[in-house]
Amino acid sequence: MTDPELPATLNTEVAHSARLWNYLLGGKDNFAADREAAEYALALMPELVQSARANREFLGRAVRHLAGEAGIRQFLDIGTGLPTANNTHEVAQLAAPDSRIVYVDNDPMVLVHARALLTSTPEGATDYVDADARDVERILARAEATLDFTQPIAIMLLGIVNFLVDDEEAHTVVRRLLAAVPPGSYLVMSHPTEEVNGPAVRESMRQWNESGAAPIAARTPAQIATFFDGLELLEPGIVTCTAWRPDPRHPGITDKVSEYAGVGRKP
């Protein structure tokens, strides 16, 4: 695609996860490198499209639960990626129109499309922060313009911690985010594993990491669970994301996928 508004810093020659995910979800905001990487991964792992869609379905179920039964009115969505159907603000504000959402990403393509995210109900608010997930201080400082950090906040980390390949760094980022929010807040995370289609996951990640794109890592369910240490992990725990509180009214994808997920509450 070509767009005169695209930032000069945008590298279209190297695949990017947000654009690859956009392609898998049927979007048009991607380039040849993204499509080539996606098709290569799909040849190894045909379930990748299901994983992408299942991850979005998990997001919807988790946000509906938090904005509904849990009474959460604030969401900090880090690594949001390109806008697609059923974004966090749409799901949350449908359940609770006064919900306030801050999206965080540092992909230039997402910046171009941020205006699509910056819609809101009159009662609520939606904002966008340009920052790397590692830059927690910048994220928190900018998010304070929209979110009240004395009130519970749901921290959304869907498909982003896997780009923090160093375990110590990944845990530090998550701990610093959780330390900034009060009791009653939540952590929502999804993360690729090798529990489903392990050999294909390993090979596709090897190819991705050799391509020059931002490195990625899988973690086991037990490793993912450690990010919830000190939190009250909601049932059914860390599971393939299709198994996290499936809605019988809208079954969606039911097969196991390599993306695992969990939701925890800060006591």
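Good morning. I begin with the surface: the protein chain exposes an accessible area of about 11,700 Å², and carbon and sulfur atoms account for 51% of that. Please bear in mind that this is a predicted model.

The secondary structure consists of 10 helices and 8 strands. Among the 267 residues of the chain, 53% count as buried. If we take the contacts with a separation of 6 or more, 73% of them join residues 24 or more positions apart.

Let me turn to the interior. The largest nonpolar core comprises 41 residues, and the most contacts inside it are made by Leu 76, Leu 157, Leu 177, Leu 187 and Met 189. At least two core residues come from each of the strands β1 (74-78), β2 (100-105), β4 (154-158) and β5 (186-192), and likewise from each of the helices α7 (136-143), α8 (167-179) and α9 (198-210). The greatest contribution to this core is that of α8, with 5 residues.

Leu 76 deserves a closer look. Leaving aside residues up to four places away in sequence, Leu 76 touches Val 102, Val 104, Ile 139, Ala 143, Leu 147, Ile 153, Ala 154, Ile 155, Met 156 and Leu 177. Apart from this core there is another, of 30 residues, including Ala 54, Phe 58, Leu 234 and Val 263.

Finally, the pockets. The second largest has a volume of about 260 Å³. Which residues are the closest to its centre? They are Arg 56, Glu 57, Gly 60, Arg 64 and Asn 86, out of 16 lining residues. By class, that lining divides into 5 nonpolar, 6 polar and 5 charged residues.

Thank you.

Notes. Residues are numbered from 1 along each chain as its sequence is written. This is a predicted model: local features need pLDDT of at least 70, side-chain atom pairs count only at pLDDT 80 or more; totals for chains, interfaces and linings use all residues. Side-chain values use heavy atoms; hydrogens and water are left out. Helices (H or I, at least four residues) and strands (E, at least two) are DSSP runs, numbered from the N terminus. Buried means under 20% relative accessible area, exposed over 50%, partly exposed in between (1.4 Å probe, protein chains only). Contact means heavy atoms within 4.5 Å. Accessible areas come from the Shrake-Rupley method with a 1.4 Å probe; for residues, only the protein chains shown count as cover. A nonpolar core is a set of buried Ala, Val, Leu, Ile, Met, Phe, Trp, Tyr and Cys residues joined through side-chain atoms within 4.5 Å. On a 1 Å grid over the protein atoms alone, a cavity is a set of points where a 1.4 Å probe fits but cannot get out, and a pocket is an open set with protein on both sides within 12 Å along at least five of seven lines; lining residues have an atom within 4 Å of a point. Grid points are joined across faces, edges and corners, and a volume is the space filled by probe spheres set on the points. Ala, Val, Leu, Ile, Met, Phe, Trp, Tyr, Cys and Pro count as nonpolar, Asp, Glu, Lys and Arg as charged, and the others, Gly among them, as polar.
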